[in-house]
Amino acid sequence: MTFGERLQIARKDKGYTQEQVAEFIGVAKSTYTGYEKNNREPDVFKIKRLVEVLGVNSSWLLGIDDNDDGLTSEEFKIIKKYRQLDPRGQSAVVDTIERELCYSSSNKATDAKKFVDDALECMAGTDLNELVRTARK
């Protein structure tokens, strides 16, 4: 993914127009459009401002982390959404991921008893009433 593609994803995720971002960082719309089309490159001060305005990681925007963590743009979007949640919401997401990981590993079990034991272990410490309340919200 190019710098311009990342820039466009970040801008759209924030719900900004090209004109708005251009104004926020102090450039003409045509200059900003050039960034997204990879026809122009912003200087380091503009990149810093883009990171601040768009709320993205500079390493991601510059394409440095692409191969290091292997996140797809869809995974990155999910992480950004997670960060917007309040602590209760973040906790619910983590709990859901843990249950799904337990279920996935238990589902691979060939022995029925092991499957049940693994499922019970996954549910240990889980407040079922809280799960029901969260599911109904």
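In the predicted model, helix α3 buries T31, Y32, T33, G34, Y35 and E36. These are 6 of the 8 residues of α3, so the helix is largely enclosed by the rest of the structure. The packing partners of the buried α3 residues are α1 (3-14), α2 and α4 (44-54).

The setting is a helical chain. There are 10 helices and 0 strands. Read from the N terminus, the order of elements is α-α-α-α-α-α-α-α-α-α. Of the 137 residues in the chain, 24% are buried. The chain exposes about 9500 Å². Carbon and sulfur atoms supply 52% of that exposed area. Among contacts with a separation of 6 or more, 51% join residues 24 or more positions apart.

Two helix pairs involving α3 were examined. In one pair, α2 spans residues 18-25 and α3 spans residues 29-36. Their axes come within 8 Å and cross at roughly 105 degrees. Angles of 65 to 115 degrees count as roughly perpendicular, which means that α2 is roughly perpendicular to α3. On the α2 side, the contact is made by Q18, E19, V21, A22 and I25. On the α3 side, K29, Y32, T33, Y35 and E36 take part. By class, the residues of this contact are 5 nonpolar, 2 polar and 3 charged.

The other pair is α1 with α3. Here the axes come within 7 Å, and the crossing angle is roughly 115 degrees. F3, G4, E5, L7, Q8 and R11 in α1 meet Y32, Y35 and E36 in α3. This contact divides into 4 nonpolar, 2 polar and 3 charged residues. Y32, Y35 and E36 of α3 thus meet α1. Y32, Y35 and E36 also appear in the contact with α2, and Y32, Y35 and E36 are among the buried residues of α3.

E19 belongs to helix α2. At a relative accessible area of 47%, E19 is partly exposed, because the buried class requires a value under 20% and the exposed class one over 50%. E19 takes part in the contact with α3. The C-alpha atoms of E19 and S30 are 8.8 Å apart, at a sequence distance of 11 residues.

The nonpolar core comes next. In soluble globular proteins, nonpolar side chains tend to be buried together. In this chain, the largest nonpolar core has 19 residues. L7, Y32, L50, L54 and L61 have the most contacts inside this core. Two or more core residues come from each of α1, α2, α3, α4 and α5 (58-61). Helix α4 gives the largest share, 5 residues.

L50 has many of its partners far along the chain. Leaving aside residues up to four places away in sequence, L50 touches F3, L7, V21, I25, Y32, P42, G55 and L61. Three of the core residues with the most contacts, L7, Y32 and L61, are among these partners.

F3 lies in helix α1. Its relative accessible area is 19%, so F3 counts as buried, the cut-off being under 20%. Beyond residues up to four places away in sequence, F3 touches Y35, N38, P42, L50, L61 and L62. F3 and W60 are 57 residues apart in sequence, yet their C-alpha atoms are 9.1 Å apart in space.

N38, one of the residues touched by F3, comes just after α3. N38 sits in the loop between α3 and α4. The phi angle of N38 is positive, at about 60 degrees, although N38 is not a glycine. With 40% relative accessibility, N38 is partly exposed.

The loop between α4 and α5 holds V56. V56 is buried, with a relative accessible area of 7%. Outside the residues up to four places away in sequence, V56 touches A10, V51, L61, F76 and K80. L61 is likewise touched by F3 and by L50. V56 and R6 are separated by 50 residues in sequence and by 9.8 Å in space, C-alpha to C-alpha.

Terms used:
Residues numbered from 1 in each chain as written. Predicted model: local features only at pLDDT ≥ 70, side-chain atom pairs only at ≥ 80, totals over all residues. Heavy atoms only, no water. Axes fitted to C-alpha atoms, helices over the stretch in contact; angles between N-to-C directions. Helix = DSSP H or I, 4+ residues; strand = E, 2+ residues; numbered from the N terminus. Parallel < 35°, antiparallel > 145°, perpendicular 65-115°, else oblique. Contact = heavy atoms within 4.5 Å. Nonpolar A, V, L, I, M, F, W, Y, C, P; charged D, E, K, R; others polar. Buried < 20%, exposed > 50% of the residue type's maximum accessible area, 1.4 Å probe, protein only. Areas by Shrake-Rupley, 256 points an atom, 1.4 Å probe, with all protein chains shown as cover. Core = buried A, V, L, I, M, F, W, Y, C linked by side-chain atoms within 4.5 Å.
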